[in-house]
Amino acid sequence: MPDDRRPDDTPGPAPAERAVNNRAEDLQGLRTGTDSVFGLHHLAHTHDAETAADSLGGVDIAATKEATT
């Protein structure tokens, strides 16, 4: 029988370590900070939608592709 488990599915200390790390990050405010920044990100989209031609500040797929190539 093939073993098609991902490394994340392995039993042992790894899941416990992830649980502890996630809890530590929560206590340090990672989730609160991320939620706050995500809200500001959407506020910026709303601002762009009201003050510019679109909600992406003039950035489109073609410009993104050109900038990354």
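A salt bridge is counted here when a side-chain nitrogen of Lys or Arg lies within 4 Å of a carboxyl oxygen of Asp or Glu, and one such pair is a stop on this tour of a predicted model.

Begin with the whole protein chain, colored by confidence: its mean pLDDT is 82, and 83% of its residues reach 70 or more. In cartoon view, three helices and zero strands appear, running α-α-α from the N terminus on. Among these elements, confidence is highest in helix α2, residues 30-51, at a mean of 91, and lowest in helix α3, residues 61-68, at 83.

Switch next to a surface display, where the protein chain exposes about 6,100 Å², with carbon and sulfur atoms supplying 59% of that area. Coloring the 69 residues by burial will show that buried residues make up 0% of them.

Now select residues 13-27, which form helix α1; the 15 residues of this helix reach 21 Å from the first C-alpha to the last, close to the 21 Å expected at 1.5 Å a residue. Moving past the end of α1, select Gly 29, which follows this helix and has a positive phi, near 95°.

Finally, show the side chains of Asp 26 and Arg 31, which meet in a salt bridge with an N to O distance of 3.5 Å; a search of the whole structure finds one salt bridge. Side chains of opposite charge can pair when their charged atoms come close. How exposed are the two partners? Asp 26 is partly exposed, with a relative accessible area of 34%, whereas Arg 31 is exposed, at 56%.

Methods
Residues are numbered from 1 along each chain as its sequence is written. This is a predicted model: local features need pLDDT of at least 70, side-chain atom pairs count only at pLDDT 80 or more; totals for chains, interfaces and linings use all residues. Side-chain values use heavy atoms; hydrogens and water are left out. Helices (H or I, at least four residues) and strands (E, at least two) are DSSP runs, numbered from the N terminus. Buried means under 20% relative accessible area, exposed over 50%, partly exposed in between (1.4 Å probe, protein chains only). Accessible areas come from the Shrake-Rupley method with a 1.4 Å probe; for residues, only the protein chains shown count as cover. The expected span of a helix is 1.5 Å times one less than its number of residues. pLDDT is the predictor's confidence in each residue, from 0 to 100.
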